Amino acid sequence: MSKTVFLPGGAGFIGSHVAAELLTLGYDVVIADDLSNARGDVIDRLEQITGRRPAFYRIDVADRPALTAVFDAHAIDAVIHFAGFKAVGESVEKPVAYYRNNLGTTLTLLEVMAAHNVKELIFSSSATVYGVENEAPYTEDMPRGGCTNPYGWTKAMIEQILEDACVADPALRVVCLRYFNPVGAHESGLIGELPNGIPNNLMPYITQTAAGVRKELAVFGNDYPTPDGTGVRDFIHVVDLAKGHVAALCYTAKHTGWEAINLGTGRGTSVLELVDTFASVNAVPVPYHIAPRRSGDLAVCYAATDKAKRLLGWQAEKTVADMCRDSWRWQQHSDKL
Ligand code: UD1
């Protein structure tokens, strides 16, 4: 019998790629999303890619009666929780909205899961929980905290809530996946990231600059203590990331308790290396200028990957060139969707 996996926030960038993997592997998928930062036609694209259509509910996951109705309608075996706001700058402007939404969706979800005796949960966490006091490579046993913005704090707080919930209920099976910098898109060109307005993150800014939507990329700082002076990040292809979720689902099926696991490649790439690779593999210019540092940015951020290998038997496979190629293909397709 196939397993039914519920994806709150599953119409977004990462959730949609996880849905594609799960549907392809034969899992039954149920998505709930308020479409505040996603488009409803993602469900059609998933059907186009996989030949199978997920069940879809347009609801606010913090709306308990609406969420209860979804759990009543499906025999849910496991949950992968993506429902949250994720714009770092916006979280500084609207902290209360971020805490209300990101904690609210999680708390309602935990209550409704408990009421329906659902014990498996994978949470969409972030490398941001390592804050500014730790140093790369980040290992999962480092202390959480020292986050530079409310978005980051919501991830750290939710991890704590989940840890406490696991102490109280030894039957719970929770994995917090700490993503590094997800980029790229599905190779079909049918799903990818759809940033609202001017992108904050590097890769969508690069693709929009290459496409002529933005005039020039601002490279935030070239005086960091790194080989070329620009920031270093652990970019990970979203399809590799999605496969990490499937591996985590196999893990939670067998293990109780709480775990945090990094999903990164373990390799650092500088901002300028990414720009140069993008321009060369796609044969398209990416005009840029050097700008002042962005506040809250770290010089270097990359993952220790041993725990993911050991517990999940998973590691990232795609190269930075793959990420650049697939991001560009998506930029060109998404104009036409
Ligand atoms: C940020 C958040 C992280 C969040 C992630 C979502 C912080 C400290 N981190 O990561 O919590 O999970 O986004 O993907 O806020 N850059 C430029 N020009 C640009 C945009 C970015 O030079 O126009 C540089 C940045 O200075 C940085 C690198 O590119 O060195 C990556 O930036 P970005 O894509 O925004 O991700 P992070 O800041 O690493």
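Me: Which residue's side chain makes a polar contact with the side chain of Asn149?
Reply: Happy to start there, and bear in mind that this is a predicted model. Asn149 sits in the loop between strand S5 (120–126) and helix H6 (150–168). Its side chain also has a polar atom 3.2 Å from the backbone nitrogen of Tyr151. The side-chain to side-chain polar contact, at 3.2 Å, is with Thr148.

Me: Is Asn149 buried or exposed?
Reply: Leaving aside residues up to four places away in sequence, Asn149 touches Val88, Ser91 and Val92. Its relative accessibility is 7%, and the cut-off for this class is under 20%. Asn149 therefore counts as buried.

Me: Which residue meets Glu120 in a salt bridge?
Reply: Glu120 belongs to strand S5, and its partner lies in the segment before strand S1 (4–8), 117 residues apart from it, so to look for the pair is to look at distant parts of the chain. Both members of the pair are buried. The side chains meet at 3.1 Å, N to O, and the partner of Glu120 is Lys3.

Me: How many salt bridges does the count come to?
Reply: Side chains of opposite charge can pair when their charged atoms come close. One such pair is Asp41 and Arg45, at 3.5 Å, N to O. With a cut-off of 4 Å between the nitrogen and the carboxyl oxygen, the count of salt bridges comes to 17.

Me: Why does Asp41 count as partly exposed, and what class does Arg45 fall in?
Reply: The two classes are divided at 20% relative accessible area. Asp41 has 22% relative accessibility and therefore counts as partly exposed. Arg45 has a relative accessible area of 15%, so its class is buried.

Me: How far apart are the closest N and O atoms of Lys119 and Asp169?
Reply: Lys119 is in the loop between helix H5 (95–115) and S5, while Asp169 is in the loop between H6 and strand S6 (173–179), so the pair links distant parts of the chain, 50 residues apart. Lys119 is partly exposed because its relative accessible area is 23%, and Asp169 counts as partly exposed at 22%. The closest N and O atoms of this salt bridge are apart by 2.6 Å.

Me: Which residues are joined into one network by salt bridges that share partners?
Reply: Here the thing to look for is a partner that is shared between salt bridges. Following those shared partners gives one network, made of Arg144, Glu159, Glu163 and Arg178.

Me: What is the volume of the largest cavity?
Reply: Rolling a probe the size of a water molecule over the atoms shows where empty space is left. Two cavities of 30 Å³ or more are counted. The lining of the largest cavity includes Asp41 and Arg45, along with Trp330 and Leu337, and divides into six nonpolar, one polar and three charged residues. The volume of this largest cavity is about 50 Å³.

Me: Which elements give two or more residues to the lining of the second largest cavity?
Reply: This cavity holds about 40 Å³ of space. Among its lining residues are Asn102, Thr105, Lys155 and Ile158, and by class the lining has four nonpolar, four polar and one charged residues. The elements that give two or more residues are H5 and H6.

Me: Which helices each supply at least two residues of the lining of the second largest pocket?
Reply: About 190 Å³ of space lies in this pocket. Of the 15 residues in its lining, those closest to its centre are Glu193, Pro195, Thr207, Trp330 and Gln331. The lining divides into seven nonpolar, six polar and two charged residues. The helices that each supply at least two are H7 (202–210) and H11 (320–334).

Me: Which elements do the buried residues of H7 pack against?
Reply: H7 is mostly covered, with seven of its nine residues buried. Those buried residues include Met203, Ile206 and Thr207. After the helix comes Gly212, with a positive phi near 85 degrees. The buried residues of H7 pack against strand S7 (181–183), strand S8 (217–220), helix H9 (271–282) and H11.

Methods. Residues numbered from 1 in each chain as written. Predicted model: local features only at pLDDT ≥ 70, side-chain atom pairs only at ≥ 80, totals over all residues. Heavy atoms only, no water. Helix = DSSP H or I, 4+ residues; strand = E, 2+ residues; numbered from the N terminus. Buried < 20%, exposed > 50% of the residue type's maximum accessible area, 1.4 Å probe, protein only. Polar contact = N/O pair within 3.5 Å; in protein donor to acceptor, adjacent residues only side chain to side chain. Contact = heavy atoms within 4.5 Å. 1 Å grid on protein atoms, 1.4 Å probe; cavity = no way out; pocket = protein on both sides within 12 Å on 5 of 7 lines; lining within 4 Å. Points joined across faces, edges and corners; volume = space filled by probe spheres on them. Nonpolar A, V, L, I, M, F, W, Y, C, P; charged D, E, K, R; others polar.
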